[in-house]
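Visitor: Hey, got a minute to walk me through this one?
Guide: Sure, let's have a look together.

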Amino acid sequence: MLLAGLLCYGGFTALCLSMDRHHAELLGRKASIAERRRFKWAGWLLLGMSLWAAVSVAGWAFGLVQWCAVLMLSVLLLVMLMPYRRRMALSLAALSLLASPIAAYAVL
Amino acid sequence: MKEGFRQAMAWLHTWAGLIFGWLLFAIFLTGTLAYFKDEISHWMQPEIPARSVPTETSLTLAQQYLEQRAANASRWIIDLPGAREPALSVRWQSAPAKPGERGQFTEKRLDPLSGAEVQGRDTQGGEFFYRFHFQLQMPYPWGRWLSTIAAMVMFVALISGIITHKKIFKDFFTFRPRKGQRSWLDGHNAVGVLVLPFHLMITYSSLVIFMTMVMPASILAAYKGDVQAFFSDVFPAANTAKVAGTPEPLLPLAPLLEKAREHWAGGSAGQVTVNNPGDTNASVVLTHNGTDRVVHEFGRAVTFSGVTGQLLAKTPEQSVPMAVAGSFYGLHMGRFADPVLRWLYFICGLASTAMIGTGLVIWLGKRQLKHAKSGVLPFELKLVEVLNIASMSGLVIAVAAFFWANRVLPVDMAERPQWEINSFFIAWGLSLLHAAWRRGRGAWVEQLALAALLFASVPLLNAVTTLHHLGNSLATGDWAMAGFDLACLGSGLFLGWAARKMQRAGQPEITGRNRQRSIPLEQEAH
């Protein structure tokens with residue numbers, strides 16, 4: 001569940017950065033169309049990987065339930081962090097992406 | 001989509017949400033607490049020790065106890081201790097005086113390590129929140145009907161809310177704090193949209209659980225009006241053989257646990273029922289504890305002969321429709337959840353509660369704006385304000401009062417469980433009076449501050465009245481006890497922060513700024 005959560009959080013941050021308003025708000029500059037497209041792809045890819053991670057660790061029944069739980073709460077955490085702790089929201093995403101290979105190595 | 005339709009949905013969302021919002025807030029908050037029902041019960045009965053002993057040992061102890069005390073009973077029911085429920089509970093039904101009558105039940109709690117009787121203080125524990133969540137402390141069946149109607153309204157409010165929300169994807173990540181009404185609306189949308197799968201699952205599944213009450217027509221048609229036949233199809237009760245009258249010693253029960261495990265892919269027995277103990281026709285029913293899978297299976301059990309240990313019966317594999325209903329039931333209850341997932345369930349429940357709460361605040365806030373200049377509210381808005389305060393902060397105080405009553409009321413008091421519940425409702429009633437008397441921001445601040453104080457001091461209260469203070473529970477690894485104290489402390493800190501925020505927001509210079517900003521919002525939100 002930890003791995004799925006890390007990937008979800010990273011994925012949602014990427015999706016968030018693919019949107020004009022949030023990109024400017026988080027990184028302080030305008031994003032080019034190519035950049036936004038790349039973030040979008042990365043975001044969806046990470047969310048897809050998180051589903052795969054959850055299901056392969058816990059099986060379909062438990063995996064899907066766990067995935068839904070981390071999906072909802074990771075994005076809730078991101079949205080609640082962004083206005084108050086912009087930097088922390090971003091560094092948490094970087095950290096979760098860095099930690100996910102370690103988590104993957106531990107559980108898979 | 002046509003604007004007229006959207007407006008109609010907005011109207012529906014506004015009024016369905018208001019009329020049932022107060023009740024739904026209470027249903028969701030108590031339901032959320034019920035996810036930790038066993039842990040709450042454990043905290044509320046500190047006399048019952050938390051032990052980790054093999055299930056086999058507990059079952060052997062229970063059998064020894066029952067053979068001494070209840071050898072002539074017609075049935076024994078043994079509830080085995082689990083990961084969350086530390087108590088070993090034994091019940092027995094005395095043989096009925098006349099055939100066809102039901103014998104009396106006696107219940108005792110045992111220490112799973114020594115087998116000695118333990119007397120926990122009399123309390124409803126977490127069961128109170130669980131029961132209140134769908135029975136609303138009303139006589140059967142009115143509470144269930146009311147909560148079923150509330151669930152339907154919740155479903156309507158969710159669907160109409162989704163249709164009303166214009167920019168679900170554009171505003172997906174948006175939350176702008178410190179902007180008065182705008183922030184409340186952002187918050188309402190954020191918890192609503194981001195946790196939407198949970199809201200839909202929990203609301204829809206509650207309707208499935210109440211199916212037999214909500215949609216009896218299909219059952220009545222299929223079973224030609226014989227409702228009892230439906231229930232005996234759904235819950236195939238173990239057909240117990242009659243007493244033969246020839247005494248025969250009962251097998252040791254503990255080895256049957258392992259035999260039962262062989263019949264199940266995973267998990268183990270949570271309850272053991274012995275019919276006609278000490279008779280040739282004794283049978284032992286081992287019921288699965290249901291924590292190994294998401295899909296709930298009603299009465300999944302294996303039955304052995306109590307004399308030879310032969311397999312007598314096994315519940316058949318679930319049919320597909322039963323598995324579908326069972327999966328909604330399982331998802332709603334979350335009995336399969338490990339501690340981490342249980343906490344996530346709890347947070348999701350809080351998010352639903354927060355969605356309802358913010359909705360109620362927005363309803364009033366939008367209408368208060370129109371009367372901001374005169375400063376005088378018409379009667380109906382005053383009423384909504386009082387009910388908002390009492391239903392939210394008042395309920396939180398009531399929950400704290402329930403916990404306090406558990407520790408403060410004398411242990412040997414008559415009708416103790418009832419008085420704990422009374423304290424809950426007295427505190428709630430007083431908060432309603434207080435809200436009516438004080439009104440507005442002052443009432444919010446005072447009630448939130450009181451709730452913060454009551455919750456934050458729970459660990460202290462526990463340390464003063466019992467030996468299970470945080471130092472002790474953390475050292476012995478009694479996580480349910482420690483977790484309860486810490487969760488109360490956390491809630492207290494959060495409520496304190498909310499009270500402070502409410503007080504700050506009330507200072508005139510800040511409201512002045514908010515008011516200017518929220519005027520365009522009023523048009524936008526309609």
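**Chains and domains**

Guide: Let's start where the chains meet: 18 residues of chain A are in contact with 19 residues of chain B, where contact means that the C-beta atoms, placed from the backbone, lie within 7 Å. This is a predicted model, where local features need pLDDT of at least 70 and side-chain atom pairs count only at 80 or more, while totals for chains, interfaces and linings use all residues. Residues are numbered from 1 along each chain as its sequence is written, and chains are lettered from A and ligands numbered from 1 in the order in which they are written.

Visitor: Which helix of chain A gives the most to the side that touches chain B?
Guide: That's helix α3, residues 33–84, with 14 residues. Helices here are DSSP runs of H or I with at least four residues, numbered from the N terminus.

Visitor: And how many nonpolar, polar and charged residues are on that side of chain A?
Guide: There are 16 nonpolar, two polar and no charged ones. Ala, Val, Leu, Ile, Met, Phe, Trp, Tyr, Cys and Pro count as nonpolar, Asp, Glu, Lys and Arg as charged, and the others, Gly among them, as polar.

Visitor: New topic: how is chain B divided?
Guide: Into domain 1 (3–46 + 128–205 + 339–525) and domain 2 (55–120 + 237–315), with bounds from an automatic or database domain assignment. Their centres, taken over C-alpha atoms, are 41 Å apart.

Visitor: How many residues are in contact between those domains of chain B?
Guide: Four of domain 1 with four of domain 2. The domain 1 side has no nonpolar, two polar and two charged residues.

Notes. Contact = placed C-beta atoms within 7 Å. Helix = DSSP H or I, 4+ residues; strand = E, 2+ residues; numbered from the N terminus.
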